[in-house]
Amino acid sequence: MVITARIQSRLETAISAPATLKSELLALRKTVRPTPWWFQPMKLAAAVVATALLGAGLLLMTKKPAQLASFRETMAQRSSDMQDHVEFASHDIAKIQQWLQGHNMTTDFALPALLQGGTPQGCRLVDWNGHKATMICFMLNGEHMDLFVIDRDGLPNFPENGAPQFAKAGGLMTAMWANGGKVYLLTGGSKELLQKVLQPT
């Protein structure tokens, strides 16, 4: 036991730790910090996709009413323009349909019942966002009305078979509805007049 104690004492005095050992060990210690999420490829990609989807959704939500408002305004302006109001003048709906067919326009649209008894004044084609809309001008009991018809390709988000949507545009009252793959817009002086024309008989 005495010998062991002497050996231990000699070792402690013979081998001493360097004074700088502690600081050197601390300097070697590596601090691990978490990588920010924007430096992690998978999380970054997911964030980009989520942002793109959100942006697309917001764009669609704002685009739909803007597109419908633009269509209403354009057709109302055309309806209010009395200079060269029609391209083809005729009181005969059959001749009007024949003219439209000659200009590569379909005529399988359904006229409201009261307009079928009205007097057509003629028709024209209206450009809108790369699509062609048909306009047929009517006089009904002394009231001027224009009916616009466009394929649903021109307004794909407009609800099918819903109730007519009434709105003011260009100083005129308008009614819009969709049926049979087409969107219709009727212009007139008042909502009461349009409701009367569109009510089922």
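A polar contact is a pair of N or O atoms within 3.5 Å. That cut-off applies to the contacts named in the legends below, which describe close-up views of a predicted model.

**View 1. Helix α4 and its two sides.** Helix α4 comprises residues 93-102, and within this helix I96, W99 and L100 are buried. These residues cover an arc of only 100 degrees around the axis, which puts them on the same side of α4. An α-helix has 3.6 residues a turn, so residues three or four places apart point the same way. On the other side of α4, by contrast, Q98 and G102 are exposed. The cover over the buried residues of the helix includes β1 (88-89), β2 (119-128) and β3 (131-140).

**View 2. The two ends of α4 and the loop that precedes the helix.** At the start of α4, a side-chain oxygen of D92 comes to within 2.9 Å of the backbone nitrogen of A94, while just after the helix N104 adopts a positive phi of about 60 degrees. S90 is placed in the loop between β1 and α4, and the side chain of S90 reaches the backbone nitrogen of D92 at 3.0 Å. With a relative accessible area of 12%, S90 is buried, the cut-off for this term being under 20%. Leaving aside residues up to four places away in sequence, S90 touches K95, I96, P120, Q121 and G122.

**View 3. The largest nonpolar core and a second core apart from it.** The largest nonpolar core has 23 residues, of which L100, F109, L115, M145, L147, L186 and V197 touch the most other members. At least two residues of this core are supplied by each of α4, β2, β3, β4 (143-151), β6, β7 (182-188) and α6 (191-198). If residues up to four places away in sequence are not counted, L100 touches M105, T107, F109, C123, L125 and T134. Apart from the largest core lies another core, of 16 residues, among them L68, V126, W128 and L155.

**View 4. Aromatic pairs, with F71 and W128 as one example and W177 and Y184 as another.** The structure holds 3 aromatic pairs. A pair of aromatic rings is described by the distance of the centres and the angle of the planes. For F71 and W128 the ring centres lie 5.2 Å apart and the planes stand at 80 degrees, so this pair is edge-to-face. Because F71 belongs to helix α3 (residues 41-80) and W128 to strand β2, the pair ties together parts that are 57 residues apart in sequence. F71 counts as buried at 0% relative accessibility, and W128 likewise counts as buried at 4%. In the pair of W177 and Y184 the ring centres are 5.3 Å apart and the planes are at 5 degrees, so these rings are stacked. W177 counts as buried at 12% relative accessibility, as does Y184 at 2%.

**View 5. The hairpin of β5 and β6.** Strand β5 (residues 165-169) and strand β6 (residues 172-179) run antiparallel and are joined by 5 bridges. Within this pairing, F166 of the hairpin stands opposite A175 in β6. The two strands form a hairpin with 2 residues between them, and in the turn G170 has a positive phi of about 55 degrees.

Technical notes: Residues are numbered from 1 along each chain as its sequence is written. This is a predicted model: local features need pLDDT of at least 70, side-chain atom pairs count only at pLDDT 80 or more; totals for chains, interfaces and linings use all residues. Side-chain values use heavy atoms; hydrogens and water are left out. Two strands pair if DSSP finds at least two bridges between them. Helices (H or I, at least four residues) and strands (E, at least two) are DSSP runs, numbered from the N terminus. Buried means under 20% relative accessible area, exposed over 50%, partly exposed in between (1.4 Å probe, protein chains only). The arc is that of the directions from the helix axis to the C-beta atoms. Contact means heavy atoms within 4.5 Å. A polar contact is a pair of N or O atoms within 3.5 Å; within protein, one must be able to donate a hydrogen and the other to accept it, and residues adjacent in sequence count only if both atoms are side-chain atoms. A nonpolar core is a set of buried Ala, Val, Leu, Ile, Met, Phe, Trp, Tyr and Cys residues joined through side-chain atoms within 4.5 Å. Rings of Phe, Tyr and Trp (its six-membered ring) pair if their centres lie within 6.5 Å; planes under 30 degrees apart count as stacked, over 60 as edge-to-face and the rest as tilted.
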